[in-house]
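The exercises below are meant to be worked with the sequence and the structure side by side. Each one sets a task and then solves it in steps.

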Amino acid sequence: MLGEARLDPTWDRASILALFDPATGTLDRRVLSDEALYRLELERIFARGWNFMCHDSQIPNPGDYFINYIGEDQMICVRGDDGAVNVLLNTCRHRGNALCRAEQGHARSFVCSYHGWHYALNGELIGVPGQKTYYRGDLDRSRLGLARAAQADSYLGFHFATMAPDAPPLHDFLGEVGRTGLAMVCASGEVEVVDGVQKNVIDCNWKIAVDNLFDWYHVMYSHASAGHSGILDLAGILHPNNQMVMLGEYGHAISGPGVPKEAQAKIDLMSDEERSNAPGPAGLSRLRPKSATELMGPNGVRSLGHPNIFPNLWITLNGMQMCLRLPRGPSKTELWWFTLLPKNAPPQFRQRALRAAIHMFGPAGLLEQDDGENWSQSTRSSRGFSSRRLGQALSMGLGHDEVTEEANGERYIDTCVNEHGQRWLYRSWTEWMAARDWAELEASHSPAPTGRV
Amino acid sequence: MLARLDVAERVQLQFDVEQFLYEEAALLDARRYRDWLGLLADDIHYWMPIRRTVTLADIEREFTKQGDMAFFDDDREMLEMRVRKLEAGSAWSEDPPSRSRHFVTNVRITGVEGDEITVDVCFHLYRTRLETEVDSWIGRRTDVLRRHGASFRLARRHLFLDQTLIRSTNMSTIF
Ligand code: FES
Ligand SMILES: [Fe+2]
């Protein structure tokens, strides 16, 4: 299914790789607005990659479903009668009608509203009206089940799917950095999604919404009014000189404030009880329990920053929220906010945590309100004939930092505010876009950086 | 208690409630947010749940419940923070300021308990920004007005929007 698209003649391998120059951090603005690149992204980024679908707790029982997307393809994530999660394309094999019209719900099976074809929870076509009388018995139902994701798997209760049969297993795709990022959500124990996914749409390219999550440079300026409102102490959470970056294979990254090594050494000596009574290092958060080191690694556990699971899953609020940036054309992006809390959280903690999420992020959140317009205006200026030729300058910190490599394989950069995460995102993106299939991507992509960056 | 009011009392109450809602809307349109705060009761709950597209069989799950996720779940302190943000001089999503128009219609008094009046209202909040941004938010809301001298204080505003996917960059405005 993949690798068959005819490449727009403008975008051969060399011209795609030239869209980002890792030596200077210059990004061609056309990556935010070009129609042909966008169509190629649907195949080479979204259909090829592993996409977040839902969390276990959203579909606890057989028949529970949640609708999500791989690029612009609508997917049904439904728990089957055997308890396994099926990820199916939400399109009838007769004429393509959408089977599920609701965003979430419960079904015993799926019946198409057009002509009544009837599918089991695993996608099997189990009933066709008039199969004997009108089709005269010559319809092969076994060939016309709902199309399934090529692979579906989960890690720590997070379900992912890919349309690429040749994609590496989820565990390998995530790698150290992706797994550490997801573990941030579960660092204090098992979690569940709170009812209600906030969804809104912004007139911007999906990538600028993604790269912004690594951007701890804009916080003091873009979000100055949130600081002024009194909702949070911006300087207190920012730690501009204690930033930690982890760059992972295939484009995953974590970037943001980090607990300095010396401070972590003291935390490591504390019992879980002492930790739960101590104030968190970033104002918002509590100290992670001992078990988190196991999940996140002895250095990963120091991160209070933002993981992005390539391409588009942001983990924020110290693991309490996840936000998908879903592409809707080169200059439209849907933001979907998932909120996760420890199972059986005490009511007071729950209320405080939810208020923080609602008041900070989402379209009405005091922090998030000011981001959208920066992104939509930057996207807009990538369309003008003259402005799009100027490039974007992502050079902060380039060549000034060193990747530390531990014996256990952990790699990280301790530094100040920087643009390493953005550069790694766009470098990886060009490599994904230039490769025809997974074999070519595996053979040609950059390994996670070592040494000077 | 509503049923015990005679026609003249009901007409008077309807008039007073509507005038209060119109004045309140005018303050917001005029960006007089400080004055608007003055109309709020100290224990106000200002809440907008998330709406979902669900099947009829699932319709009781159309809106999230109190205590789950929402777009707004504000007390007075939080609303004051929203206003402080708007006044900061650096609230970039509202500077240059949006142009907003608050319409209030289908005003139905559905309950009178002691000094509290419950009012069901259809609203339309229209906002434009910069050259091309247009937002149009239509929905129903339930307000509770508490008598305060000759006027009222707003003690509750629960907003039920007629959108599931919010078709806007943000909701940096006050409904
Ligand atoms: S399109 Fe689904 S049954 Fe015809
Ligand atoms: Fe931001």
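A patch is built from residues with over 30% relative accessible area and no salt bridge, and nonpolar side chains are joined into one patch within 5 Å. The model to which this is applied here is a predicted one.

**Exercise 1. Identify the residues of chain B that form a nonpolar patch on the surface, and classify the accessibility of Phe103(B).**

Solution. The patch consists of Phe103(B), Tyr126(B) and Val134(B), which together offer about 290 Å² of accessible area. To place one of these residues, note that Phe103(B) belongs to strand β3 of chain B, which covers residues 99-113. Its relative accessibility is 45%, and because the class between 20% and 50% is called partly exposed, Phe103(B) counts as partly exposed.

**Exercise 2. Determine which protein atoms bind the iron ion (ligand 2), and explain why their arrangement is irregular.**

Solution. Begin with the donors, which are NE2 of His218(A), NE2 of His223(A) and two OD atoms of Asp371(A), lying 2.1 to 2.5 Å from the iron ion. Along the chain, these donors follow the spacing H-x4-H-x147-D. His218(A) lies in the loop between α4 (206-211) and α5 (219-222) of chain A, whereas Asp371(A) lies in helix α12 (residues 371-380) of chain A, so that this pair links distant parts of the chain, 153 residues apart. Both His218(A) and Asp371(A) are buried. For the geometry, a tetrahedral site would need all angles between 85 and 135 degrees; the four donor atoms subtend angles of 56 to 151°, and the arrangement is therefore irregular.

**Exercise 3. Work out which strands of the open sheet β8-β9-β10 (chain A) stand at the edges.**

Solution. The sheet has three strands in the order β8-β9-β10, paired in the antiparallel sense. β8 (110-111) and β10 (125-127) of chain A each have a single partner strand, so one side of each is left without a neighbour in the sheet, and these two are the edges. The pairing of β8(A) with strand β9 (residues 118-119) of chain A rests on two bridges, and Phe110(A) stands opposite Tyr119(A) in β9(A).

**Exercise 4. Describe the surroundings of strand β1 (residues 40-49) of chain B: is it mostly covered or mostly exposed, and which strands are joined to it?**

Solution. Strand β1(B) is mostly covered, since eight of its 10 residues are buried. Four bridges join β1(B) to strand β6 (residues 151-161) of chain B in the parallel sense, with Leu154(B) in β6(B) as the bridge partner of Leu40(B). Four bridges also join β1(B) to strand β2 (residues 70-74) of chain B, here in the antiparallel sense, and Met48(B) stands opposite Phe72(B) in β2(B).

**Exercise 5. Compare the locations and burial of the salt bridges Asp370(A)-Lys85(B) and Arg101(B)-Asp29(B).**

Solution. The structure holds 40 salt bridges over all chains. In the bridge between Asp370(A) and Lys85(B), the closest N and O atoms are 2.3 Å apart. This pair crosses between chains, from the loop between α11 (347-360) and α12 of chain A to helix α3 (residues 76-87) of chain B. Asp370(A) counts as buried at 1% relative accessibility, and Lys85(B) likewise counts as buried at 1%.

The side chains of Arg101(B) and Asp29(B) meet at 3.8 Å, N to O. They lie 72 residues apart, Arg101(B) in strand β3 and Asp29(B) in helix α1 (residues 7-29) of chain B. Arg101(B) is partly exposed with a relative accessible area of 45%, whereas Asp29(B), at 16%, is buried.

Key:
Residues numbered from 1 in each chain as written. Chains lettered and ligands numbered in written order. Predicted model: local features only at pLDDT ≥ 70, side-chain atom pairs only at ≥ 80, totals over all residues. Heavy atoms only, no water. Donors = N, O, S within 2.8 Å, 3.2 Å for Na, K, Ca; no water. Tetrahedral: all angles 85-135°; square planar, octahedral: opposite > 155°, others 65-115°. Buried < 20%, exposed > 50% of the residue type's maximum accessible area, 1.4 Å probe, protein only. Patch = residues over 30% accessible without salt bridge, like charges linked within 9 Å, V, L, I, M, F, W, Y side chains within 5 Å. Areas by Shrake-Rupley, 256 points an atom, 1.4 Å probe, with all protein chains shown as cover. Salt bridge = Lys/Arg side-chain N within 4 Å of Asp/Glu carboxyl O. Pairing = 2+ DSSP bridges.
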